[in-house]
Amino acid sequence: MLEIKNLHVTVDGKEILKGIDLHVRAGEVHAIMGPNGSGKSTLSYALAGREGYGVTEGSVRFKGRDLLEMDVDERAAAGIFLAFQYPIEIPGVTTMTFLKTALNAQRKVRGEDELDAVRFLKLVREKAKPINVTDEMLKRALNVGFSGGEKKRAEILQMALLEPSLAVLDETDSGLDIDALKTVAAGVNALRSPERAMLVITHYQRLLDYIVPDMVHVLSGGRIVRSGGKELAHELEKSGYAAYDADAA
Amino acid sequence: MSDRAAQIFAETYDRERTALPGTDGWLARRRDAALKSFVEAGLPHRRLEEWKYTDLRQVLEKAAFVPAPAHEGAVVLPDTASASAFAAIDRHLLVFVNGRHRADLSKAVRLPKGVELHALADVLHEQWAKELVERRFDDARQSENIVDLNTALMRDGVALRIRKGIRLDKPLHLLFLAADDGASHTRNLILLEEGAEATIFESHIGEAAAFADIVTDVSLGDNARLSHVKLQDEAAGAVHLATLRTRLAAKSHLSSFTLTLGCGVSRMQNFILFAGEGAEVHANGAYALRAAQHADQFCVIDHATPDCTSHTLFKGVLDGASEGVFQGKVIVRPHAQKTDGRQMTHALLLSRDAAMNAKPELEIYADDVQCAHGSTVGEISRDAIFYLRSRGIPETQARQLLVSAFLDEALALVPHEMARDALKLLIKGWFADEGGRS
């Protein structure tokens with residue numbers, strides 16, 4: 001599904017990722033853990049195609065296509081979804097309008113017919129209910145005045161609706177209390193499937209108690225310095241990142 | 001003689017004065033005096049503070065407008081969305097071509113009793129018309145002085161008087177079409193007596209290189225209510241100069257909205273005078289400019305009486321090398337306690353070459369008031385664009401969504417539901433053109 005080879009990414013003239021290799025197959029959930037400043041968010045933005053995240057070396061193939069040749073919205077339509085650590089507030093655009101515009105834009109690219117208001121409303125309500133997104137939230141401007149938990153739930157709703165092949169969750173646990181975390185994790189788990197891969201980026205092991213990964217990678221100093229099974233997350237919880245920080249320095 | 005363009009207007013006056021309406025009465029002397037003041041002052045220019053951003057002298061000198069001809073024979077409305085914007089709304093329609101009323105294109109039938117709708121020429125001998133024409137507010141003289149040009153040369157326009165307690169049954173649509181190049185001077189007089197109500201649409205369209213000089217004088221009696229929706233969408237070679245003067249008696253209500261899709265150079269002046277207690281004004285607008293368009297909104301609100309409310313919101317987007325101007329002033333006189341005055345202007349620049357000049361001012365001489373003003377100029381957030389694109393929304397559509405959302409806050413204030421939908425549709429069309437350009 002996703003094949004990253006020797007990926008180097010520069011932001012503001014500074015090299016942040018210094019040769020990432022990562023192979024994610026369909027159906028797998030990979031966790032990327034690491035200390036602050038290790039390049040976790042840079043990796044997620046580089047995959048989404050954000051402006052200013054320049055790839056200087058390496059390659060990324062997604063479902064056999066050269067991801068780096070694609071625009072941000074092309075990547076999304078091809079099946080990449082980034083759940084933001086800090087979802088952007090969009091004044092004046094209701095959550096409902098936004099969801100409909102996004103879904104229909106992707107359907108159009110895939111050659112599917114656009115959903116009319118009635119079919120769309122039915123679909124969005126069906127997806128919203130399990131993660132506790134109310135009609136009232138859907139009528140509000142996207143993310144404007146949403147609490148931390150509401151913002152993250154709105155991200156998961158977008159993911160559920162857009163049904164990506166690869167979901168990249170960037171610090172989805174940040175700013176959530178335990179109940180909100182459980183709701184969000186349940187929403188994510190419901191989307192696990194043999195056709196879908198996930199990249200869960202987190203600083204803390206806590207999220208991985210609820211979204212159990214197949215593989216855990218430790219990112220430090222712009223490189224993956226260690227990979228292992230889910231037990232690696234528990235080991236990190238005990239020992240911390242100190243050892244890896246030293247490596248990076 | 002101050003400038004060449006003023007000279008052309010003076011020559012026009014010499015040639016046409018005897019043919020202009022109202023020459024047999026008080027107006028002949030009034031026109032002479034107005035022309036004299038106009039010529040002495042010349043056209044306003046950028047060295048005058050209130051005309052700093054819009055040098056009308058330079059603009060008109062370049063274009064050297066002679067009078068627009070009377071357009072005889074068939075007239076075809078341009079096939080544009082703006083020309084038909086209000087067509088689906090049940091309304092009375094008065095069409096003016098090159099500044100002259102065309103009865104053959106108009107349809108204003110079976111007006112309610114107490115609604116008097118006339119051509120300007122037919123009411124000029126009446127006292128109420130004289131009072132409206134001679135009235136001055138004097139809150140922004142540099143701007144109001146240009147009304148002299150109109151007073152000297154005004155030829156046609158609508159005169160609407162609604163008697164006490166009468167409600168105009170459906171909107172009155174004034175459609176001004178510039179079919180041929182040249183200058184026209186239009187004067188509209190609107191008097192709503194105590195408790196009278198009306199909705200007026202005004203559209204200015206046309207593909208000619210025309211100079212439209214329009215003055216609309218409005219007087220609202222106690223408890224009268226006027227809703228006014230104006231749409232302006234004219235040619236790149238056109239110049240639009242409009243002055244609206246509204247005096248509000250006690251507890252009267254004015255709700256106005258202007259959508260400016262622009263022309264070469266436009267300046268809209270809005271003078272509002274509260275002359276009775278408890279009156280209310282909502283004077284809002286939106287604009288979408290592109291290419292080399294220049295649009296200047298000038299708005300002065302004089303709270304001369306206590307307990308009145310004025311809310312103004314202007315929002316606009318500027319693309320290409322367009323230039324926008326917002327100059328607003330709210331004056332609160334010493335005894336105008338309990339004034340609620342708000343004036344906001346927000347602009348979004350869509351291109352590096354576009355520019356916005358905003359100058360909101362408050363002059364407050366009373367102490368028990370609630371007043372606020374604000375002005376912002378910004379660009380579309382790159383983070384927001386990235387966020388929308390990361391969900392699969394193509395860049396053009398993402399920009400359109402964000403810009404529409406920005407303008408929607410203002411468009412929500414259009415005081416007539418179907419007109420609101422019509423204007424929203426025009427904004428959509430504006431984007432579609434935009435897409436075609438890029």
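Trainee: How many residues of chain B are in contact with chain A?

Mentor: In this predicted model, 18 residues of chain B are in contact with 19 residues of chain A. A contact here needs C-beta atoms within 7 Å.

Trainee: Which helices of chain B supply at least two residues each to the side that touches chain A?

Mentor: Those are α8 (382–389) and α9 (395–411) of chain B. The largest share, seven residues, comes from α9(B).

Trainee: What makes up that side of chain B, in nonpolar, polar and charged residues?

Mentor: You get eight nonpolar, three polar and seven charged residues. Asp, Glu, Lys and Arg are the ones that count as charged.

Trainee: Where does α9(B) lie?

Mentor: It lies across β13 (280–289), β15 (309–318) and β17 (340–349) of chain B, and runs at about 160° to β15(B). Angles go from 0 to 180 degrees between N-to-C directions, so 180 would mean exactly opposite directions.

Trainee: Now the sheet. Why are β2 and β19 of chain B called edge strands?

Mentor: Ten strands of chain B form an open sheet in the order β2-β1-β5-β7-β9-β11-β13-β15-β17-β19, with mixed pairing. β2 (100–101) and β19 (370–379) each pair on one side only, and pairing takes at least two bridges between two strands.

Trainee: How do you know that β7(B) and β9(B) pair?

Mentor: Count the bridges: β7 (residues 197–206) and β9 (residues 225–234) of chain B have ten, in the parallel sense. Two would be enough, so they count as paired. As one example, Ser203(B) has Leu231(B) in β9(B) as its bridge partner.

Trainee: And how many bridges join β5(B) to β7(B)?

Mentor: Seven, and β5 (residues 172–178) of chain B runs parallel to β7(B). Leu172(B) stands opposite Ile200(B) in β7(B). In general, strands of a sheet pair through backbone hydrogen bonds.

Trainee: Why is β7(B) described as largely enclosed?

Mentor: Because nine of its ten residues are buried, β7(B) is largely enclosed by the rest of the structure. Buried means 20 or more other C-beta atoms within 10 Å.

Trainee: Over to chain A. Why is Glu15(A) called partly exposed?

Mentor: Glu15(A) has 16 other C-beta atoms within 10 Å. Buried starts at 20 and exposed stops at 12, so a count of 16 falls in between and Glu15(A) is partly exposed.

Trainee: Where is Glu15(A) placed, and which residues does it touch?

Mentor: Glu15(A) is in strand β2 (residues 14–24) of chain A. Leaving out residues up to four places away in sequence, Glu15(A) touches His8(A), Thr10(A) and Gly222(A).

Methods:
Residues are numbered from 1 along each chain as its sequence is written. Chains are lettered from A and ligands numbered from 1 in the order in which they are written. This is a predicted model: local features need pLDDT of at least 70, side-chain atom pairs count only at pLDDT 80 or more; totals for chains, interfaces and linings use all residues. Two residues are in contact if their C-beta atoms, placed from the backbone, lie within 7 Å. Helices (H or I, at least four residues) and strands (E, at least two) are DSSP runs, numbered from the N terminus.
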